[in-house]
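Let's take a friendly walk through a protein model. Have the sequence and the 3D view ready, and follow along as we go.

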Amino acid sequence: MSTEANRIAANKLEESLSAYAPTYRKLFKAFKSYPNFKQLWDLIFLIGSNSIKTGALHVDSKPEEILKEVLSSWPGDLLWKLNKEIDDPYQRIDIAKNICSILPQLKSEIGSDLPLAEELKETGFVKLNDLLDQQSLNEMIRFFRDGQYSAQDGPTYLHSVEDIVAAPHSLALATNPQILSIVKDYLGAPPTIVDMSVWWTVPTESNDYGAHIFHRDFDDFRACKLFFYLTDVETDDGPHIFARNTHDPTFCAKLIAEHRLPETQLGVLFSKDSRGIVWPIEQFFSNQISEITGKAGTAFLEATYGFHRGKTPKRHMRGLFQVLYGLIPYPNRLDRFQNVRIDSLPSSCVDTELSRYAARLMISPPNNDK
Ligand SMILES: O=C(O)CCC(=O)C(=O)O
């Protein structure tokens with residue numbers, strides 16, 4: 001395009017972005033108190049204009065396309081930083097609601113699984129049964145056992161995301177209609193699979209590995225994870241540990257009041273990922289904490305904004321498959337999937353609008369449908 005054509009197109013786009021301003025205002029309302037709000041707002045217009053030049057946006061692009069483009073550029077990075085920086089749990093809830101209000105409304109084909117979603121909302125945890133038959137489970141375990149690790153982090157050995165997506169049944173699990181329906185109800189919007197991981201944790205004497213210290217995850221303003229064991233896990237085999245209800249600031253505030261602690265302690269309990277806080281989490285939440293043990297194939301959904309950790313295995317190695325569901329495909333998440341390209345969901349998946357949306361970061365064409 002000539003410079004003049006670029007300028008005209010940019011002006012037109014700016015006009016059309018202005019028309020969507022109320023949507024963006026709604027999204028960024030909750031950021032108003034944050035000093036970077038103005039910068040974020042300006043960036044959206046800048047990105048919108050620049051995107052014309054790269055051909056990523058057209059003057060008649062739909063609002064969802066504009067939003068995707070905008071979120072996958074600088075403002076997406078900025079949002080990511082805000083997500084990491086904003087500690088106030090009530091402000092986070094407010095922001096999550098605003099984000100949900102502009103995401104597409106997709107129906108779950110099997111309807112809502114309300115009791116399980118309610119349990120997840122209330123306690124931050126819900127157990128799932130019979131996700132894979134024995135033969136499928138064996139196929140999946142064999143694939144990872146015979147596969148190559150691509151990285152090591154402390155006592156954990158990780159598989160690449162490319163291998164995980166290629167593994168038998170992994171996408172069928174990640175897009176399981178019951179799971180997507182529960183997660184959709186929990187998030188308040190259709191879930192996006194923003195990460196998948198598989199790791200093996202080997203027995204070790206040391207307890208000072210980061211994921212084995214109680215912490216909160218700041219993956220998105222609202223997110224949750226599917227955990228799926230690839231080995232039998234008893235108490236000495238590194239079970240996952242969760243403190244129920246600790247994702248909920250109202251619950252934590254009530255407990256603080258019951259313990260006659262100052263209200264300001266709530267801020268301490270929700271500060272950053274909380275790994276650094278000197279707080280007797282084990283004692284304070286003793287009634288909430290449980291180890292999740294079970295056979296290979298044991299599965300649960302968890303709001304990992306609540307306190308959780310892995311227990312250091314002392315006996316057998318533990319295999320864990322995880323899917324992270326979030327609201328926003330932040331740029332760093334897009335990077336995770338950049339080498340993963342599938343034409344469509346494999347035949348083992350139930351192909352619905354919701355499952356295609358959830359898996360869209362890995363479905364071709366690259367860079368077009370994010
Ligand atoms: O290994 C575990 O069970 C801990 C996992 C964890 O901390 C996480 O996924 O954020």
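## Starting from one buried residue

Let's begin with Ile193, which counts as buried because it has 26 C-beta neighbours inside 10 Å; the cut-off for buried is 20 or more. You will find Ile193 in strand S4, which covers residues 192–201. Keep in mind as you look that this is a predicted model.

Which residues does Ile193 touch, once its neighbours within four places in sequence are set aside? The contacts are Ala174, Val323, Tyr325, Ala358, Ala359 and Leu361. Leu327 is a good example of how the fold brings parts of the chain together: it sits 134 residues from Ile193 along the chain, yet the two C-alpha atoms are separated by 8.7 Å.

## The whole protein

Now step back. The protein has 370 residues, and buried residues make up 40% of them. Its secondary structure comes to 16 helices and ten strands. Among the contacts with a separation of 6 or more, 83% are between residues 24 or more positions apart.

How confident is the predictor? The mean pLDDT is 84, and 76% of the residues reach 70 or more. Over residues 366–370 the pLDDT is below 50, and this stretch has eight contacts in the model beyond near neighbours in sequence.

## The seven-stranded sheet

Strand S4 belongs with six others in the order S1-S8-S5-S10-S4-S3-S2, an open sheet of seven strands with antiparallel pairing. Which strands stand at the edges? They are S1 (125–128) and S2 (151–153); each has a single partner strand, so one side of each is left without a neighbour in the sheet. On average, neighbouring strands here are turned by 25° against each other, direction ignored.

Look at S4 and S10 together: nine bridges pair them in the antiparallel sense. Within this pairing, Trp199 stands opposite Leu320 in S10. Helix H7 (residues 114–123) lies across S1, S5 (224–229) and S8 (299–302), and runs at about 145° to S1.

## An enclosed helix and the loop after it

Next, find helix H11, residues 177–187. Eight of its eleven residues are buried, so H11 is largely enclosed by the rest of the structure. The buried ones are Ile179, Leu180, Ser181, Ile182, Val183, Lys184, Tyr186 and Leu187. What do they pack against? Their partners are H7, S1, S5, S8, S10 and helix H16 (353–358).

Just after H11, Gly188 takes a positive phi of about 85°. Pro190 follows in the loop between H11 and S4. Is Pro190 buried or exposed? Pro190 counts as buried, because it has 23 C-beta neighbours inside 10 Å and the cut-off is 20 or more. Leaving aside its neighbours within four places in sequence, Pro190 is in contact with Leu103, Pro104, Leu106, Lys184, Leu354, Tyr357 and Ala358. One of these, Lys184, is also on the list of buried residues in H11. Another, Ala358, is a contact of Ile193 too. From Pro190 to Gly326, the C-alpha atoms are 8.8 Å apart in space, although the two residues are 136 apart in sequence.

## The three-stranded sheet

There is also an open sheet of three strands, with antiparallel pairing and the order S7-S6-S9. Here S7 (289–292) and S9 stand at the edges; each has a single partner strand, so one side of each is left without a neighbour in the sheet. Neighbouring strands of this sheet are turned by 20° against each other on average, direction ignored.

Strand S6 (residues 240–243) and S9 run antiparallel and are joined by three bridges. In this pair, His240 stands opposite Gly310 in S9.

## Around the ligand

Finally, which residues are found around the ligand? They are Ala211, Asp217, His240, Thr304, His308, Arg309, Gly310, Leu320 and Gln322. Some names are familiar by now: His240 and Gly310 stand opposite each other, and Leu320 stands opposite Trp199.

By type, the shell divides into two nonpolar, five polar and two charged residues. Strands S9 (308–310) and S10 (318–326) each supply at least two residues of this shell. S9 gives the most, with three residues.

Definitions and conventions
Residues are numbered from 1 along each chain as its sequence is written. This is a predicted model: local features need pLDDT of at least 70, side-chain atom pairs count only at pLDDT 80 or more; totals for chains, interfaces and linings use all residues. A residue is near a molecule or strand if its C-beta atom, placed from the backbone, lies within 6 Å of it. Helices (H or I, at least four residues) and strands (E, at least two) are DSSP runs, numbered from the N terminus. Ala, Val, Leu, Ile, Met, Phe, Trp, Tyr, Cys and Pro count as nonpolar, Asp, Glu, Lys and Arg as charged, and the others, Gly among them, as polar. A residue is buried if 20 or more other C-beta atoms lie within 10 Å of its own, exposed if 12 or fewer, and partly exposed in between; C-beta atoms are placed from the backbone. Two residues are in contact if their C-beta atoms, placed from the backbone, lie within 7 Å. Two strands pair if DSSP finds at least two bridges between them. Axes are lines fitted to C-alpha atoms, for helices over the stretch in contact, and angles run from 0 to 180 degrees between N-to-C directions. pLDDT is the predictor's confidence in each residue, from 0 to 100.
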